[in-house]
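Reader: Hi! Could you walk me through this model?
Author: Happy to, here it is.

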Amino acid sequence: MPKLKAANNSNFEMIAKTYHGLEDVLAKELLQLGAQDIKTLRRAVKFKGDVGFMYKANLSLRTAVRIIKPIKTFKVSNETEFYDSIRAIDWSQYMTIDDKFAVDAFVNSTYFNHSLYIALKTKDAIVDHFRDLTGDRPDIEIKRPQVLIDLYISNTEVTISVNTSGNPLFQRGYRNASGEAPINEVVAASLIRMSGWDRKTTLLDPFCGSGTLLIEGALLASGIPSNIERQHYAFKNFKNFDQKLWDEIYDNATRIVRELPCRFIGSDISDEMVLKSRRNLREFSFGRFIEISGKPFNEVEKTDEPLFIISNPPYGQRLELDEELYSEIGTWLKHEIKEGTACIISSSEEGFKSIGLKHSKKVKVYNGNLDCSFRSYELFEGKRKDTIS
């Protein structure tokens with residue numbers, strides 16, 4: 001099993017990975033959590049903290065996909081150098097022949113072209129290291145490895161790390177039911193933080209699906225860690241895992257709230273999605289405070305209070321349907337929402353044009369493999385201009 005050489009009260013370097021376009025929001029979250037020596041990278045943020053902070057970061061970070069601890073960095077220019085360098089690492093510090101392991105590789109290099117092939121060469125080098133040492137070998141397990149090795153190659157520089165999270169941190173543990181194309185939890189949490197929502201104004205998602213945006217918003221507003229329902233982290237397999245320290249961090253985290261600071265309203269035209277969102281909300285003490293209805297977006301209860309709308313409406317089916325739906329969304333925003341902000345993520349450029357409002361903010365993001373845009377619209381009755389977004 002992996003072993004961290006630093007003592008519990010000693011800081012060491014870690015890297016929190018995220019998606020393209022979300023690096024700055026992750027860096028701000030790490031700063032608020034108490035990380036030190038923060039540096040923004042490509043799809044990642046480097047920082048320092050002790051073992052306790054590593055536990056806390058895995059539990060609390062809403063905008064990170066995984067947290068890794070680098071164990072060695074070196075430069076190579078060919079496959080033989082790469083294999084020999086991996087094989088020369090003292091892998092007995094991080095695992096034993098009884099540990100099942102896997103390798104996750106990302107390659108951005110003119111010398112090495114295929115991530116899967118490089119991952120295979122890394123596995124071969126680790127196995128051969130143990131064969132040299134003991135005459136035996138560890139097994140490879142893709143689905144539930146005890147040790148997950150993270151490999152990153154940038155041109156000639158290779159960084160080998162131990163994954164402290166295990167499965168991606170967007171696997172929160174609360175989503176028991178979802179739709180066909182749910183928004184990723186890390187993306188949802190990041191969009192909410194990027195949106196500028198003050199956590200006091202009523203939050204409305206008129207295309208709520210299985211409720212991810214509403215749940216992530218309520219978690220943020222209540223101070224409950226997004227991963228509070230998650231049961232397993234890879235660091236629990238580490239040789240020096242401190243159960244007492246983890247229990248202290250987990251037990252001190254907010255888990256139950258008796259009220260929320262504002263209203264949370266969700267709606268979806270699909271009765272199936274409404275049922276799924278309600279099932280997911282049962283996992284939380286705040287679930288009973290979130291209002292879910294089976295209505296079209298333009299039949300949501302009218303109100304004079306300011307609204308903060310954040311939503312992931314359907315897109316990518318047929319262009320003409322996108323344009324029609326988004327035109328209806330634009331009409332609804334112009335004539336039915338008296339005051340507030342609307343934030344929409346979509347991959348449909350024509351859909352955005354059909355809204356007919358000028359955006360105040362535009363950020364390029366990804367939802368899964370989809371290249372999307374996240375746009376904000378300020379809504380003030382009698383002061384809007386019908387301009388193409």
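Below we chat about its sheets, helices and a few residues.

Author: A quick note to begin with: this is a predicted model, where local features need pLDDT of at least 70, side-chain atom pairs count only at pLDDT 80 or more, and totals for chains, interfaces and linings use all residues. Residues are numbered from 1 along each chain as its sequence is written, and side-chain values use heavy atoms, with hydrogens and water left out.

Reader: Cool. What is the strand order in the open sheet that has strand 2 and strand 5 at its edges?
Author: That seven-stranded sheet runs 2-3-1-4-7-6-5, with mixed pairing. Its edge strands, strand 2 (36–41) and strand 5 (101–108), each pair on one side only. Strands are DSSP runs of E with at least two residues, helices are runs of H or I with at least four, and both are numbered from the N terminus. Two strands pair if DSSP finds at least two bridges between them.

Reader: Do strand 5 and strand 6 pair in the parallel or antiparallel sense?
Author: Parallel, over eight bridges. Within that pair, Ala-105 has Leu-151 in strand 6 as its bridge partner.

Reader: And which strands does helix 1 touch?
Author: Helix 1 packs on this sheet against strand 1 (12–17), strand 2 and strand 3 (44–49), and its direction makes about 175 degrees with that of strand 2. Angles run from 0 to 180 degrees between N-to-C directions, with axes fitted to C-alpha atoms, for helices over the stretch in contact.

Reader: At what angle do helix 1 and helix 2 pack?
Author: About 130 degrees, with the axes of helix 1 (residues 23–33) and helix 2 (residues 51–60) 11 Å apart. The two helices are therefore oblique to each other (under 35 degrees is roughly parallel, over 145 roughly antiparallel, 65 to 115 roughly perpendicular, and the rest oblique). Glu-29, Leu-30 and Leu-33 of helix 1 meet Phe-53, Lys-56, Ala-57 and Ser-60 of helix 2.

Reader: New topic! Is Thr-156 buried or exposed?
Author: Thr-156 counts as buried because its relative accessibility is 19% (buried means under 20% relative accessible area, exposed over 50%, partly exposed in between, with a 1.4 Å probe and protein chains only). Thr-156 sits in the loop between strand 6 (147–154) and strand 7 (157–163).

Reader: What is Thr-156 in contact with?
Author: Leaving aside neighbours within four places in sequence, Thr-156 contacts Phe-74, Lys-75, Val-76 and Tyr-111. Contact means heavy atoms within 4.5 Å.

Reader: Last one: what is the order of the other open sheet?
Author: It is 10-9-8-11-12-14-13, again seven strands with mixed pairing. Strand 12 (residues 339–346) and strand 14 (residues 370–380) pair in the antiparallel sense over eight bridges, and Gly-340 stands opposite Leu-379 in strand 14.
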